[in-house]
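User: I would like to go through this model with you before I plan anything at the bench. Could you take my questions one at a time?

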Amino acid sequence: MRKSRKNKNTTIFPINMEQLEEMLTSKFENNTDLSFSVYKHLNKKIAVFYIPYQVTPEKVEALLLKPLLENEKAWDPEKILNDIPLSSGEKTTVLEEILEKIINGNVIIYVENEDAAITYPMLNVQKRALSKAETETVVIGPQVAFTESLTTNLNIMRWRIRSTDLVMEKIMVGERFPREVRLVYVKSIANETDINTMRQRLQELHVDELEDNNVLMQYIEDDSFTVFPQFYSTELPDRATYAITKGRIGVLMENSPNAILAPSTLFSFFESTEDLYMRWNTGSFLRLLRFISMIIAVTLTPLYVAGVTYHFETIPTQLLVSVGQSRASVPFPPIFEAIFLELMIELLREAGARLPTKVGQTIGIVGGVVVGTAAVQAGITSNILIIFITISALASFTAPSYLMGTTIRILRFPMILLAGMLGIIGILFGISFLIIHLLKVTSLGRPYLAPIYPFRMEDLNKVLFRLPQSFQGKRFASFRPKNLIRFKERRAKNKNDIDE
């Protein structure tokens, strides 16, 4: 995957028009999309070539061809650059650079037998209008989401972070089909080691193409074998700007409506920007609720399987009678019953996600009710287990991150298997294995369980819960930002104290 990049510089000028047209046609594999026009001006031939649907024809006609052909002077590259009223023109003599610029929406002008060509960017960008986020729905706060246009996304970031300290470093990734990637950070805040690490990973990544930021994230993450996502992927500009102003690094890519945020911790995936827009006590309650939901989603169904299979004595007598009656007609062991229902829930969720919106909602509701009722009546499963499965499924959907929610749902299956084979001992073994694994996971070299491990008391109020804004004067110290202080904390001793 990593190899040395070879420089290919083929100088072709000066050249006559027939040779130039033949060379370009062969490079584009005789593709008829390339427009190659030759005009005669004062006994000199001038070639203008571009891909029509990549540029705006009206701009080419008005801004280039009209002043180029109507002016009664002999043209050469220097005069074209000086006299045509466009500031973005460049000279080039390299064939590979000309081909790349044509693909990227440039118009090329060449005066026969001159030693250089002139390129003018006139890309006709087709982009989706700004809209609401689909995967990270928020009730309170900004509703706008990133789009597939890198220019639009950079504009949003500049508009939200109005500072000359904001750096948007350009890196081209992709050997055969290059894609523009931007490394975004605040220079006076972000840790220099994190910046260099991310930059190095992007520059050393030599692949043919990258389809999306989520694919890029899989190439540059610390551990490719863990089920836990190590970088946060978001389509919310307010979340990206909040993270960047606190010292983290963002990665934006052309044709991708998501931003990568690094480094990230396990707790980052349970935070929501809504927590900031609510009062601190309400935000803390919701954040703690998500952590509790994660524990419920991973352990509730395995606890049912372990209790019914091995530990009858732990179940209250009245509940045990209900469990026995509901399982009286079920011929399968609890582990098979639980896995069957979990798979059914996942099938309904996947079908609902892939179908059109209105049809998907209908399938999810009708399928859950009809199939669940039929399964109980047919004696395949018990109605009590359906309650446990439903609570676990709802708990897994509370994670703001879709990637982390999927991870939690995957973890349920090995936990159910361990509970069915070893009971409570199996569940404890699974939890211990998860904790040991999480202690080893890193994100851009930073501990994944920070600030729990290594322990930092001052960072707990930024991940597990929230305190009032007057207590939030410092940034997240575990990421070691250059500037730890956000503002000087001033707390009134009583309600009669006022700022001087």
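User: How many salt bridges does the count come to?

Analyst: This is a predicted model, in which local features need pLDDT of at least 70 and side-chain atom pairs count only at pLDDT 80 or more, while totals for chains, interfaces and linings use all residues. Residues are numbered from 1 along each chain as its sequence is written, and side-chain values use heavy atoms, with hydrogens and water left out. A salt bridge here is a side-chain nitrogen of Lys or Arg within 4 Å of a carboxyl oxygen of Asp or Glu. By this rule the count comes to 18.

User: With which residue does Glu114 form a salt bridge?

Analyst: Glu114 is buried, with a relative accessible area of 16%, where buried means under 20%, exposed over 50% and partly exposed in between, for a 1.4 Å probe and protein chains only. The closest N and O atoms of the pair are 3.0 Å apart, and the partner of Glu114 is Lys44.

User: Why does this pair tie together parts that are apart in sequence?

Analyst: Helices (H or I, at least four residues) and strands (E, at least two) are DSSP runs, numbered from the N terminus. Glu114 lies in the loop between strand S4 (106-111) and strand S5 (117-121), and Lys44 is in strand S2 (residues 44-50), so the parts that the pair ties together are separated in sequence by 70 residues.

User: Which residue meets Glu192 in a salt bridge?

Analyst: Glu192 is partly exposed, with a relative accessible area of 35%, and its partner is partly exposed at 44%. Glu192 belongs to helix H6 (residues 192-203), whereas the partner is in the segment after strand S12 (446-447), 290 residues apart. The N to O distance is 2.9 Å, and the residue is Lys482.

User: Which helix gives the most to the largest nonpolar core?

Analyst: A nonpolar core is a set of buried Ala, Val, Leu, Ile, Met, Phe, Trp, Tyr and Cys residues joined through side-chain atoms within 4.5 Å. The largest one has 55 residues, and among the members that touch the most others are Met157, Phe228 and Leu252. With eight residues, the helix that gives the most to this core is H10 (residues 280-309).

User: Which residues is Met157 in contact with, leaving aside its neighbours within four places in sequence?

Analyst: Contact means heavy atoms within 4.5 Å. On that basis, and with those sequence neighbours left aside, the residues in contact with Met157 are Phe146, Leu166, Met168, Val184, Ala240, Thr241, Ile244 and Leu252.

User: Which residue in S10 is the bridge partner of Ser233?

Analyst: Two strands pair if DSSP finds at least two bridges between them. Strand S8 (residues 232-234) runs antiparallel to S10, with three bridges joining them, and S9 (residues 249-253) also pairs with S10 in the antiparallel sense over three bridges. In that second pairing Val251 stands opposite Ile260, and the bridge partner of Ser233 is likewise Ile260.

User: Which residues of S10 point the other way from Ala259 and Leu261?

Analyst: In a regular strand the side chains alternate between the two faces of the sheet. In S10 (residues 259-262) the four named residues are all buried, and those pointing the other way from Ala259 and Leu261 are Ile260 and Ala262.

User: What is the average pLDDT of the protein chain?

Analyst: pLDDT is the predictor's confidence in each residue, from 0 to 100. Residues 1-6 have a pLDDT below 50, and residues 492-500 stay under 50; where pLDDT is low, the predicted coordinates should not be read in detail. Of the residues, 92% score at least 70, and the chain averages 84.
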